[in-house]
Amino acid sequence: MEFGGRDKAWSIFVTSSTTKMCKSNFCREYCMDAVSLETEEENKIIYDLIREKDVPYIWTSGRICDFEGCEGRKDLIPLNLYGWFWSANRKKITKTNQVPRGWKYNPWSKTGHKKVAQPDNAEFDINGTAEACLAILNNVYRDGINWHDVACYHQKTTVCEDNEELLRYDPNISRLEGMPTFSVIMNHNTRTRLMIGDFDGCENRTDLIPKNIFGWFWSGNRAKIHPTNRNPPGWSYNPWSRTGHLKKPQPDNAEYDVNMVVEACMAILNDAYEDDTIDFTFNGHNYFYSGTEDGNDQFTFDKARQYCQQFCTEPISLETEEEFDLIVNFMKRGKIPYLWTSGRNCPSGHCPVNDQRNSTWRWLGSGQPIDASQNIPDGWTKRPWSYTGHFKWTQPDNAEFRLNGSTEDCLALLYNVYKDGITWHDVANDHNETNGETYSWLYGRNLCREYCMDAVSINTQQENEFVKRFMNKKEIKALWTSGRSCDFPGCNGTFKGDILINGWFWSADLNAIEPANKINKGWTYNPWSQTGHNKKPQPDNAEFEVNETKEACLALFRDVYEPAVGWHDVACYQEYHVLCEDSPKQFNYRGHNYFFTGHVPELANKRYDWLDARNLCREYCMDATSIETQEENNLIYRLIQQHDIPYIWTSGRLCDFAGCENRTDLIPKNIFGWFWSANREKIQATNQIPNGWGYNPWSKTGHKKKPQPDNAEFDINQTAEACLSVLNNVYGDGIAWHDKITMK
């Protein structure tokens with residue numbers, strides 16, 4: 001449910017019973033926190049929710065300040081009156097025996113276990129446990145719905161709300177108002193701790209590998225920290241030092257090499273190791289260079305923009321000669337051979353042309369036109385475009401179009417490539433496709449996933465030829481794919497015969513790879529190399545004989561064991577370049593990629609409730625399917641039939657939650673109240689054939705022998721059937737839509 005207040009908007013849902021600490025952690029998994037009730041209007045919303053759901057009690061984020069750092073605070077004495085605060089936003093709660101400002105009543109109950117006004121810390125008298133957490137009880141003491149202090153170990157349901165601090169960090173937001181502040185903590189000589197995920201419960205988390213890059217998190221709020229080798233989103237620099245005891249970028253776990261003690265906590269050091277940077281500021285604008293943080297990373301034009309946009313910036317726009325000279329000097333100092341700008345030659349009809357020079361070139365960063373004529377730009381003393389290039393023609397010349405059909409529609413700065421100093425050149429978008437760094441197989445896939453992609457899967461000979469040409473053009477020696485040997489738990493029985501030969505699959509799209517000793521169907525040759533370290537055809541698991549490390553990942557080698565490009569099985573810890581592509585893509589329909597969890601070995605036997613299913617999809621930058629056309633519905637039906645799937649979730653949902661109750665256009669809800677939660681589009685009336693369809697996809701029968709949706713389970717146990725599932729002949733009705741409860 002959403003609630004728009006003056007200071008915040010809520011997205012609220014009620015959890016199952018849990019302790020105070022567990023409920024905070026549960027909410028934080030969704031970048032939320034337990035609810036804070038700062039206004040009477042908010043309080044009423046929660047009271048109404050408790051009445052509507054008939055909930056006996058809920059946790060809030062209310063807490064008494066009775067822990068270390070609070071003991072010397074005279075403004076909190078006595079604690080039962082002045083010591084309460086909202087732990088979600090660190091705001092103080094009004095004195096407990098007074099009506100809060102702007103309220104008409106005091107929300108604390110006038111009674112409790114001891115028959116005295118709350119808070120009364122009653123349990124402390126019984127078993128020595130402080131009632132240090134704030135819960136809302138529903139008439140437990142015949143006092144209506146009111147606030148009570150409760151011992152934090154009790155199990156209660158929870159209401160979560162959006163927490164801006166977890167959703168995004170904003171240094172301008174006040175952290176604390178009258179409660180223990182950062183400076184107070186520092187004065188007490190405590191330490192701010194950040195712990196790497198190296199303890200029990202982290203060992204099987206593949207998303208944390210390698211841990212020095214992906215394994216760091218803030219232990220205060222369980223939020224993951226951005227990969228340590230990249231600038232965090234919205235930052236113009238990487239806060240990790242580029243040096244330390246080992247003269248390597250941090251984190252480097254240096255002490256482990258000295259005395260076997262893991263460096264698992266984060267500290268901020270003040271000039272302890274000499275460090276330098278080449279980032280700079282000019283005319284109030286901050287600049288940073290990708291080579292500073294990411295070594296030799298190189299990008300296409302489009303990926304360069306995506307890289308900058310991660311940090312809410314754009315590639316440079318050089319609108320003045322002064323700024324151009326600044327970048328020229330920067331490139332000279334750093335000996336940088338080329339740099340992308342945001343300059344782009346816009347195709348006709350895609351970019352407005354409204355200046356007297358009739359130029360189709362634009363700075364995408366600012367939208368301003370670029371003078372691409374032979375003239376010196378207004379306000380400049382020289383023409384920044386080069387007078388030469390590949391064909392010795394004045395720039396822009398679109399030379400590559402004459403060579404290979406690639407349009408040179410992007411503006412880059414080249415450093416003396418054509419013995420012309422640092423000048424502007426038009427360049428094709430796909431220049432600098434390679435990445436200068438190398439990675440392990442899993443790290444490479446995680447890197448691709450940061451861009452909602454995955455390592456390449458090569459399902460056709462045409463794709464293989466494309467990758468081979470790419471490697472030859474870029475002179476790449478080794479390149480990771482998403483290929484993997486199914487040699488891990490959960491694979492038993494998935495592939496028949498020798499796993500080394502038959503057990504390979506593309507982990508990005510879950511397609512099986514043909515046996516390695518055969519020519520793939522539709523291919524004219526076997527892509528696996530016929531030689532390797534042991535002079536044997538691949539795959540040969542050669543490293544296992546050397547150090548018992550399985551060669552379980554698939555890479556392409558060029559000119560390593562033979563002049564051609566071939567497939568090789570390789571130990572997954574080896575570090576190579578990685579080629580990313582859109583993923584997952586088990587199949588594609590009208591530009592949309594689909595994948596089915598039943599084809600993923602580690603997911604095949606798992607079942608999810610509706611919300612967990614959507615969260616799983618979102619890990620891949622996707623969502624549960626929305627079926628808006630008959631053609632798409634038939635596609636899903638064929639998938640279900642082909643793989644004999646008993647049922648699948650869709651993103652379909654009934655609008656039966658707060659915010660829907662006054663929508664007259666949704667009445668009756670079983671007919672008009674359904675929508676696709678993935679894209680917020682309404683589903684057509686359930687008793688009608690949808691527009692453009694030849695049939696009604698909703699089943700004509702179900703548990704109650706009535707047309708769907710029938711909300712059958714509500715009659716059994718008062719649980720609403722509010723989610724849309726596709727069932728495969730469960731009621732002898734073929735494959736059809738049914739309303740179901742959100743069960744696994």
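# A tour of disulfides, a helix, a sheet and some unusual backbone

Begin by selecting Cys65 and Cys70, which are joined by a disulfide with an S to S distance of 1.7 Å. The model is predicted, and this distance, like the other values on the tour, is computed from its atoms. Rotate until you look along the S-S bond of Cys65 and Cys70: the torsion there is -70 degrees, and the link is left-handed. Colouring by accessibility then shows how the two partners sit, for Cys65 has a relative accessible area of 1% and is buried, while Cys70, at 4% relative accessibility, counts as buried as well.

The structure holds four disulfides, and the next one to select is that of Cys133 and Cys152, where the S to S distance is 1.9 Å. The torsion about this S-S bond is about 95 degrees, and the disulfide of Cys133 and Cys152 is therefore right-handed. If you show the backbone around both ends, you will see that the pair links distant parts of the chain, 19 residues apart, with Cys133 in strand β8 (residues 133–138) and Cys152 in the loop between β9 (145–150) and β10 (157–162). Is each end buried or partly exposed? Cys133 is buried at a relative accessible area of 1%, whereas Cys152, with 22%, is partly exposed, because the cut-off for a buried residue is under 20%.

Move on to Cys655 and Cys660, a disulfide whose sulfur atoms are 1.8 Å apart. The torsion about the S-S bond of Cys655 and Cys660 is -70 degrees, which is the left-handed sense. Cys655 has 9% relative accessibility and counts as buried, and Cys660 is likewise counted as buried, at 2%. Two further cysteines can be added to the selection while you are colouring by accessibility: Cys410 counts as buried at 0% relative accessibility, and Cys723 is buried with a relative accessible area of 2%.

## A helix and what follows it

Now select residues 40–53, which make up helix α2; its 14 residues reach 20 Å from the first C-alpha to the last, close to the 20 Å expected at 1.5 Å a residue. Which residues of α2 are buried? They are Glu40, Glu42, Asn43, Ile46, Tyr47, Leu49 and Ile50, and displaying their side chains together lets you follow the buried positions along the helix. When judging which way they point, keep in mind that an α-helix has 3.6 residues a turn, so residues three or four places apart point the same way. Extend the selection past the end of α2 to Asp54, which comes just after the helix and takes a positive phi of about 55 degrees.

## A sheet of four strands

For the next stop, show the four strands that form an open sheet in the order β17-β16-β18-β19, with antiparallel pairing. The edge strands are β17 and β19 (422–427), each of which pairs on one side only. Seen across the sheet, the twist averages 40 degrees from one strand to the next. To look inside the sheet, select strand β16 (residues 338–345) and strand β18 (residues 410–415), which pair in the antiparallel sense over four bridges, and then pick out Leu339, which stands opposite Leu413 in β18.

## Backbone worth a closer look

Two peptide bonds deserve a view with the backbone drawn as sticks. A cis peptide bond joins Gln395 and Pro396, with omega at about -5 degrees, and Pro396 is found in the loop between β17 (361–363) and α12 (399–404). The bond from Gln538 to Pro539 is also cis, with omega near -5 degrees; here Pro539 is found in the loop between β22 (504–506) and α16 (542–547).

Finish with two residues that have positive phi without being glycine. Asp559 has a phi near 60 degrees and lies in the loop between β23 (553–558) and β24 (565–570), where its 42% relative accessibility makes it count as partly exposed. Arg680, the last selection of the tour, has a phi near 65 degrees and is found in the loop between β30 (674–676) and β31 (681–682). How exposed is Arg680 in terms of relative accessible area? The value is 62%, and Arg680 is therefore exposed, since the cut-off for that class is over 50%.

Note on methods: Residues are numbered from 1 along each chain as its sequence is written. This is a predicted model: local features need pLDDT of at least 70, side-chain atom pairs count only at pLDDT 80 or more; totals for chains, interfaces and linings use all residues. Side-chain values use heavy atoms; hydrogens and water are left out. Helices (H or I, at least four residues) and strands (E, at least two) are DSSP runs, numbered from the N terminus. Buried means under 20% relative accessible area, exposed over 50%, partly exposed in between (1.4 Å probe, protein chains only). The expected span of a helix is 1.5 Å times one less than its number of residues. Two strands pair if DSSP finds at least two bridges between them. Axes are lines fitted to C-alpha atoms, for helices over the stretch in contact, and angles run from 0 to 180 degrees between N-to-C directions. A disulfide is a pair of cysteine sulfur atoms within 2.5 Å.
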